[in-house]
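Subject: Structure handover

Hello,

Here is the structure I said I would pass on. Please look at it first; my notes on what was found follow below.

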Amino acid sequence: MRGCTGFVEVLIVADEIKAKAQILDYWRAIELFSPQGIPKVNPRDKYEPVIELIADSLPPWHPDHPLQRRSNDRELTWRHQVYCGIFELARVLKLLEDKVGRDPDSPDEYVMQESAVCTFTVTNNGQLLSNSLVISTCPWAAARTINPGPQDPGWLYGFDELSAKIASHFNKTPQIKQDASQLENLSPNEVEQLTTPILSAADVFREASKIIVELGAHAFIDHLAIRVKSYRISRRREEVADDNDSLNSFFINDLERVSSSVQSANLGDGLATLLRSRTPDIISKRIDVREDHVTTYDLLSPARFPQGCWPARNKASLFLSQQLAVNWIMAKFATNLGITSVNGPPGTGKTTLIRELIASVVVERAKRLAELKSPDQAFSGVVERWLDNGYTRSVSFWHHSLEGFELVVASTNNGAVENVVLEIPGRDAVDPDYTREDTYFASFAERLLDAPAWALIAARLGNKSNRSAFVNKFWYAGANQEQSGPGEKVIEKSNFLEYLKDKREGVFDWTIAVDRFKKAIQKETQLRNERLAVYQLAKTIPALRSCVSGLIREVDEAMDLRQAIMEDLSTAEATLDRNTKAIEATINDRLLHQNFRPGLWQIIFSLGKELRRWQGKDHALEMLVTELKAEQPKLMAAVVDIKTQLMTITAGIERLQRKWEAAETDLCEKLGQLDEARRWLGSYLLEPEMLDDAEARERIQPWSDPEWNEARTQVFIEALRLHKSFIHCNAHRFRNNLMVAMDILSGKVSTSITSAGAQHAWASLFFIIPVISTTFASFDRLFRHLKREQLGWLIIDEAGQAIPQAAVGAIWRAKRTVALGDPMQLEPVVTLPLSVQQALRLHYEVDKAWIPGQVSLQQLADEVNPVGSNVDLRYGSMWVGSPLRVHKRCDKPMFDISNTVAYGGQMVFDTPIREPMELRPSTWIDVVSDEVDGHWVPAEGVQVRQLLHEIFACNEDMDRILILSPFRTVARRLWDLTKSNENVQVGTIHIAQGKEADVVVLVLGGNPERPGAFRWASARPNMVNVAVSRAKRRLYIVGNKTLWSKYPYYGDLAHILDLHGNAN
């Protein structure tokens, strides 16, 4: 039987591995059909002109082309990116839909995007740059869809082989110019032999035609169009090819890399958990924090709070749901790796939560540092060395106890990650008390931000431009002697490289830094224990109250029982008394009867009848006496038994009363102690019964009173100082390790570096700058040298907007992942129609739960998070992980609308009271018109123009106005109306994610003859929710109220606006 069981387990594991591989292959297929866009024609652009290349014209790199007459810096030269085989993505989508069908409820608008079959780079000398050719997967996949078609087993396989073959032919083109990095080992004569002729426009068309035919793209490209973008580049980099893939999905390489890891069970805990089958046991283990108050209260124990916290502005503490999320994350990842999630609706403090996690991670690393006998022990003694262009590079490996603290913030949304890393080091992110001195490299932080900063906490990396800017500002920056703020010392060295060179080991007193940190920990621990004692006290009171109530109930029940027994005793005694009296009476009756015994003559004359009558009565009396006497022992025994019961119950009552009195005394004593604690803890004291009020509890800031909050903040501040001292003590090692990190960021690192070497170089950069941000689009290129779980922490911001496959490589590289977002905000944008996604899903035999057009990364992470809550929505219940609930952004009615349509009424309103505005209240401006152009209703444009005139006439102090629409055609027309006003931003609802404005105008548009578009816009609450939740003060809806109110969520929108209007 054991053998059979083991065999079954092997089969289950094999099926699980197969399922995960199929999901990854399915997502890869979607990305093959998802190309990047290319620049539009704009020959007048001063810096990056884009032209349409004609076969018989002069290309822009020709000496006689007008571009060459433009003024040029001696240090710069032109480089030219050529895009060949321009095609409309919409045409590929139509082609695919011809094969697989169309979703009838999809909006009848395609993504207006152009892409190209291939692209390559031409130097300003008119030579092709070797290894610059990039071939798009999209036209190849489209051609494969035509022939051999989706039913062929090898449908989407073979691209790498074909592209390598094409690239090999391309690199043999006479006009090819070898990458300068490949010429280092050639002799001058060999280099001279590589002199090549100038590439003509005809040459470009010839090469492009070959590639298009080899790909099979000629089947749907009727006209060969070629576009050239020219841009300036340093002459030193003139002949060095960029490694950027400007045509294909950013995620294909990682998907292929991770997919190959599935069979070897090398996915890592986070990705393996995310991709696991949604079995019933996952649901059965869920803890609903709204219902399970015992577990919730346990998670909010002061013992579970991180020892450090962020120095928040106004020294504010976290709300209950925020603290619950932080405590759960740190508890989960204290002993385990994997993935978890936090559901953060708009305005609920997601950035605040990220700051707390940063403080917690930094403090945990500081605790490891403080355990070292000397700073040298932080390194393992292993050093990796290699020669790079004549320079020796080396990386000192960290001790394993100091690995895993790297913290990356990543997102699909570039604006989201920028907002986070720009806010975190900024002075506005902390209380002014913590900006009076340079705690942690504030001057360097200000150089990176170009704005006032309080500490070098975060840096923006990601794309090549950001990386280059970071390296130049941080590592190689020129002199800057300006003082950054009050009390801050001027740093003598202008960049971190020079700063480290100036340090000498032992100059700064490591022992003092450790001692200060330990004293901060001791103080925090003392205050924590005081609050923990109150927590444990408060935790016992409900049980004590229950005990007292139970004892009262038991006493009452015992008293009732005693009363019943006493009644029984009275009855028994009365019965016994009656029996005794009956015996006496019967005996007396018999004695009296003896006096009336018949005489002899009576007996004779009655022939014995009188004697017999007398004898019968005497016998009856005798029998009655006997019976009564026989009954008496039983009656007496019953009385004795009942008396015994009475004594027993009386004794029991006395014992219960003593227990009751003792319990009540204990309760009163503890309540007194709790009252005393309440006097110094005030509203920060959390009692278990407070969790019963679903709304009031969310406004509680549990246990984080100013004294303890300040102590925890000081732990974080001393942790930063300890890090700084450690850096000074190990300046030489940091200089070497960071030099390698800068090489990685600059794309110059030697191929000799190992993955472990890169990991420890990165760890050194993360030691100095705890948080690095990037988009998923840049993640693979930024961390290409890292493998499974070589990063410590990954925080995914706006995870509700992320397609799952975008994060696969990031999650694979991270030990711990926190998905932070809101599935009720913008859904992931997938260019492929749902019908195509469905067809691919069926082809790869994948469950519909993995369709990226219908599920976000946030939803997948929520599903495997055991701590969360159910939200009841119109289309069913949805499980969300660790939900944040207190909203502090929008006024009403915007809050009410979002809370109703998207959050099942579970959000809690806590927006601060603001100064009143002169603008009219939020309302629906009803526009009924038969004139429609696509989805654009001109009459709505008239109303928008009038509304803007009204708004600007009020002279309100507003940051900006957002004008949004569900439809691109409407947004384009609105932009034409408002493009002259800098304070107005126009776009589709999809551009609004992460933004906010005092006033939002939602222009609905819509063609009544195209009901599918209305169904698409109202299929889920997300669009309404995003648009509404951007508005802080006013919301104006412009559109046909009767028409739109028929559809889900827009009816709620109209109803709540009407109620709000009536209330005003």
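**Backbone, sheets and helix packing**

Pro148 sits in the loop that links α3 (137-146) with α4 (159-170). Please keep in mind throughout that this is a predicted model.

The peptide bond between Asn147 and Pro148 is cis, with omega at about 20°. A cis bond also joins Lys892 and Pro893, where omega is about 15°. Pro893 belongs to the loop between β19 (886-887) and α27 (894-902). These bonds are worth pointing out because most peptide bonds are trans, just as most residues other than glycine have a negative phi.

On phi, Phe441 has a positive value near 50° although it is not glycine. Phe441 lies in the loop between α13 (414-423) and α14 (442-449). Leu607, also a residue other than glycine, has a positive phi near 55°. Its loop runs between α18 (600-605) and α19. Are these two residues buried or exposed? Phe441 is buried, with a relative accessible area of 1%, whereas Leu607 is exposed, at 72%.

**The sheet that starts with β9**

This open sheet has six strands in the order β9-β16-β15-β12-β14-β13, and the pairing is parallel. Its edges are β9 (338-343) and β13 (458-460), each of which pairs on one side only. From one strand to the next, the twist averages 20°.

Inside the sheet, β12 (residues 407-411) pairs with β14 (residues 771-775) in the parallel sense through five bridges. To find that pairing on screen, start from Val408, whose bridge partner in β14 is Ile772.

Helix α11 (residues 320-335) lies across three strands of this sheet, namely β9, β15 (791-797) and β16 (814-821). Relative to β9, α11 runs at about 175°.

**The sheet that starts with β21**

Five strands make up another open sheet, in the order β21-β25-β24-β22-β23, again with parallel pairing. β21 (923-926) and β23 (984-988) are at the edges with a single partner strand each, so one side of each has no neighbour in the sheet. The twist here averages 20° from one strand to the next.

β21 runs parallel to β25 (residues 1031-1039), and four bridges join them. Asp926 stands opposite Gly1039 of β25.

Which helices lie across this sheet? One is α28 (residues 938-953), which lies across β21, β22 (961-965), β23, β24 (997-1003) and β25 and runs at about 150° to β25. Another is α29 (residues 968-978), which lies across β22, β23 and β24 at about 165° to β23.

Helix α31 (residues 1022-1029) deserves a separate entry: eight of its eight residues are buried. Among them are Met1023, Val1024, Val1026, Ala1027 and Val1028, along with Asn1022, Asn1025 and Ser1029.

**Helix pairs**

The axes of α17 (residues 510-594) and α19 (residues 609-681) come within 4 Å of each other and cross at roughly 165°. The two helices are therefore roughly antiparallel, the cut-off for that term being an angle over 145 degrees. The crossing of α17 past α19 is left-handed. Sorted by class, the residues of this contact are 42 nonpolar, twelve polar and 19 charged.

How are α21 and α22 oriented to each other? Helix α21 (residues 731-746) packs against helix α22 (residues 755-768) at an angle of about 105°, with the axes 8 Å apart. The two are therefore roughly perpendicular, a term that covers 65 to 115 degrees.

From α21, the contact includes Phe734, Leu738, Ala741, Met742 and Leu745. From α22, the residues taking part include Ala758, Ala761, Trp762, Leu765 and Phe767. Asn737 of α21 also belongs to the contact, as do His760 and Ser764 of α22. By class, the contact of α21 with α22 divides into 13 nonpolar residues, three polar and no charged.

For a quick tour, you could begin at the cis bond between Asn147 and Pro148, go on to the pairing of β12 with β14, and finish at the contact between α21 and α22.

Regards

Conventions. Residues are numbered from 1 along each chain as its sequence is written. This is a predicted model: local features need pLDDT of at least 70, side-chain atom pairs count only at pLDDT 80 or more; totals for chains, interfaces and linings use all residues. Side-chain values use heavy atoms; hydrogens and water are left out. Axes are lines fitted to C-alpha atoms, for helices over the stretch in contact, and angles run from 0 to 180 degrees between N-to-C directions. Angles under 35 degrees count as roughly parallel, over 145 as roughly antiparallel, 65 to 115 as roughly perpendicular and the rest as oblique. A crossing is left-handed if the near helix is turned anticlockwise from the far one by less than a right angle, and right-handed if clockwise. Ala, Val, Leu, Ile, Met, Phe, Trp, Tyr, Cys and Pro count as nonpolar, Asp, Glu, Lys and Arg as charged, and the others, Gly among them, as polar. Buried means under 20% relative accessible area, exposed over 50%, partly exposed in between (1.4 Å probe, protein chains only). Two strands pair if DSSP finds at least two bridges between them. Contact means heavy atoms within 4.5 Å.
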